[in-house]
Amino acid sequence: QVQLVESGGGLVQPGGSLRLTCAVSGSGFTMLDMGWYRQAPGKDREFVAIITSRGIATYTDSVEGRFTISRDNAKNTVSLQMNSLQPEDTAAYYCNVQIFRDVLGSRYYWGQGTQVTVSS
(Lines give C-alpha, C1' and ligand atoms only; values in the text may rest on other atoms or scores of the structure.)
Protein backbone atom coordinates (compact mmCIF):
# COMPACT_ATOMS: atom_id res chain seq x y z
CA GLN A 1 0.00 0.00 0.00
CA VAL A 2 2.95 2.29 -0.56
CA GLN A 3 2.12 5.37 -2.60
CA LEU A 4 4.24 8.16 -4.03
CA VAL A 5 2.71 11.60 -4.49
CA GLU A 6 4.59 14.26 -6.43
CA SER A 7 4.09 18.00 -6.34
CA GLY A 8 5.78 21.22 -7.37
CA GLY A 9 5.57 21.10 -11.15
CA GLY A 10 4.37 23.99 -13.23
CA LEU A 11 5.13 26.54 -15.90
CA VAL A 12 8.26 28.67 -15.57
CA GLN A 13 10.28 30.95 -17.80
CA PRO A 14 13.80 30.04 -18.92
CA GLY A 15 16.21 30.70 -16.09
CA GLY A 16 13.55 30.13 -13.46
CA SER A 17 13.43 27.61 -10.65
CA LEU A 18 11.11 24.92 -9.37
CA ARG A 19 11.27 22.51 -6.48
CA LEU A 20 9.70 19.09 -6.90
CA THR A 21 8.78 17.00 -3.89
CA CYS A 22 7.82 13.35 -3.69
CA ALA A 23 6.13 12.12 -0.53
CA VAL A 24 6.04 8.42 0.26
CA SER A 25 3.09 7.19 2.28
CA GLY A 26 2.70 3.89 4.08
CA SER A 27 4.36 2.10 6.95
CA GLY A 28 6.63 -0.77 7.77
CA PHE A 29 9.23 0.00 5.12
CA THR A 30 12.68 1.41 4.64
CA MET A 31 13.54 3.74 1.79
CA LEU A 32 16.68 2.82 -0.06
CA ASP A 33 17.62 4.62 -3.27
CA MET A 34 15.41 7.57 -4.21
CA GLY A 35 15.54 9.21 -7.60
CA TRP A 36 13.97 11.32 -10.31
CA TYR A 37 13.38 10.51 -13.96
CA ARG A 38 11.80 12.54 -16.72
CA GLN A 39 10.10 11.92 -20.02
CA ALA A 40 9.58 14.45 -22.78
CA PRO A 41 6.96 13.95 -25.51
CA GLY A 42 8.09 11.35 -28.03
CA LYS A 43 11.16 10.42 -26.03
CA ASP A 44 12.14 7.64 -23.66
CA ARG A 45 12.11 8.13 -19.93
CA GLU A 46 15.57 9.19 -18.81
CA PHE A 47 17.46 9.25 -15.56
CA VAL A 48 17.86 12.65 -13.90
CA ALA A 49 19.20 12.17 -10.39
CA ILE A 50 19.44 9.66 -7.58
CA ILE A 51 20.37 9.79 -3.93
CA THR A 52 21.29 6.68 -1.98
CA SER A 53 20.36 5.84 1.58
CA ARG A 54 23.80 7.10 2.55
CA GLY A 55 23.10 10.48 0.97
CA ILE A 56 25.31 10.06 -2.08
CA ALA A 57 23.88 11.91 -5.07
CA THR A 58 24.44 11.29 -8.76
CA TYR A 59 23.19 13.39 -11.67
CA THR A 60 22.93 13.10 -15.39
CA ASP A 61 25.37 15.40 -17.16
CA SER A 62 22.72 17.72 -18.55
CA VAL A 63 21.52 18.79 -15.09
CA GLU A 64 24.79 18.68 -13.18
CA GLY A 65 25.33 21.98 -11.40
CA ARG A 66 21.75 23.12 -11.90
CA PHE A 67 19.69 20.49 -10.07
CA THR A 68 20.07 19.30 -6.50
CA ILE A 69 18.46 16.18 -5.10
CA SER A 70 17.85 15.78 -1.38
CA ARG A 71 15.96 13.50 0.96
CA ASP A 72 14.34 13.73 4.36
CA ASN A 73 14.02 10.29 5.86
CA ALA A 74 11.99 11.56 8.83
CA LYS A 75 9.35 12.95 6.46
CA ASN A 76 9.68 10.21 3.85
CA THR A 77 10.30 12.69 1.08
CA VAL A 78 12.73 13.26 -1.74
CA SER A 79 13.02 16.62 -3.48
CA LEU A 80 14.58 17.99 -6.62
CA GLN A 81 15.59 21.64 -6.63
CA MET A 82 15.80 22.77 -10.23
CA ASN A 83 17.57 26.03 -11.01
CA SER A 84 18.41 27.75 -14.29
CA LEU A 85 15.69 25.81 -16.03
CA GLN A 86 15.87 25.60 -19.80
CA PRO A 87 13.32 24.63 -22.46
CA GLU A 88 14.99 21.24 -22.88
CA ASP A 89 14.11 20.49 -19.26
CA THR A 90 10.44 20.42 -20.23
CA ALA A 91 9.10 16.97 -19.39
CA ALA A 92 6.97 14.95 -17.05
CA TYR A 93 9.06 14.24 -13.97
CA TYR A 94 8.65 10.98 -12.10
CA CYS A 95 9.77 10.02 -8.63
CA ASN A 96 11.22 6.54 -8.20
CA VAL A 97 11.84 5.01 -4.79
CA GLN A 98 13.30 1.68 -3.80
CA ILE A 99 11.30 0.28 -0.89
CA PHE A 100 12.46 -2.53 1.37
CA ARG A 101 10.15 -4.49 3.63
CA ASP A 102 10.96 -7.51 5.76
CA VAL A 103 9.92 -10.80 4.17
CA LEU A 104 8.55 -9.03 1.10
CA GLY A 105 11.94 -7.76 0.10
CA SER A 106 12.68 -4.86 -2.19
CA ARG A 107 10.79 -3.30 -5.09
CA TYR A 108 10.62 -0.01 -6.93
CA TYR A 109 7.69 2.39 -6.86
CA TRP A 110 6.87 5.17 -9.30
CA GLY A 111 5.04 8.41 -8.74
CA GLN A 112 2.27 9.55 -11.04
CA GLY A 113 4.40 12.24 -12.62
CA THR A 114 4.33 16.02 -12.44
CA GLN A 115 4.63 18.26 -15.48
CA VAL A 116 7.41 20.81 -15.78
CA THR A 117 7.15 23.25 -18.66
CA VAL A 118 9.86 25.82 -19.36
CA SER A 119 8.73 28.43 -21.86
CA SER A 120 8.74 32.17 -22.42
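One open sheet of 4 strands runs in the order 1-3-8-7, with antiparallel pairing; strands here are DSSP runs of E of at least two residues, numbered from the N terminus, and two of them pair if DSSP finds at least two bridges between them. The model is a predicted one, so local features need pLDDT of at least 70 and side-chain atom pairs count only at pLDDT 80 or more, while totals for chains, interfaces and linings use all residues. Residues are numbered from 1 along each chain as its sequence is written, and side-chain values use heavy atoms, with hydrogens and water left out.

At the edges of the sheet sit strand 1 (3-7) and strand 7 (67-72), each paired on one side only. From one strand to the next, the twist averages 15°, with axes taken as lines fitted to C-alpha atoms and angles running from 0 to 180 degrees between N-to-C directions.

Strand 7 is worth a closer look. It runs antiparallel to strand 8 (residues 77-82), and 6 bridges join the two. Across this pairing, Ser 70 faces Ser 79 and Asp 72 stands opposite Thr 77. The two strands make a hairpin with 4 residues between them, and Asn 76 in the turn has a positive phi of about 55°. As for its faces, strand 7 has Phe 67, Ile 69 and Arg 71 on the covered one, and Thr 68, Ser 70 and Asp 72 on the uncovered one.

The structure holds 1 disulfide, the term being used for a pair of cysteine sulfur atoms within 2.5 Å. Cys 22 and Cys 95 form it, with their sulfur atoms 2.3 Å apart. Since Cys 22 lies in strand 3 (residues 18-25) and Cys 95 in strand 9 (residues 91-101), the pair ties together parts that are 73 residues apart in sequence. The link is left-handed, with -80° about the S-S bond. Both cysteines, Cys 22 and Cys 95, are buried, that is, under 20% relative accessible area with a 1.4 Å probe, protein chains only.

Then there is the empty space. The largest pocket holds about 180 Å³; on a 1 Å grid over the protein atoms alone, a pocket is an open set of points where a 1.4 Å probe fits, with protein on both sides within 12 Å along at least five of seven lines, and lining residues have an atom within 4 Å of a point. Of the 13 lining residues, Arg 38, Ala 40, Lys 43, Glu 46 and Glu 88 are the closest to its centre. The lining divides into 3 nonpolar, 3 polar and 7 charged residues.

Methods: Buried means under 20% relative accessible area, exposed over 50%, partly exposed in between (1.4 Å probe, protein chains only). Grid points are joined across faces, edges and corners, and a volume is the space filled by probe spheres set on the points. Ala, Val, Leu, Ile, Met, Phe, Trp, Tyr, Cys and Pro count as nonpolar, Asp, Glu, Lys and Arg as charged, and the others, Gly among them, as polar.
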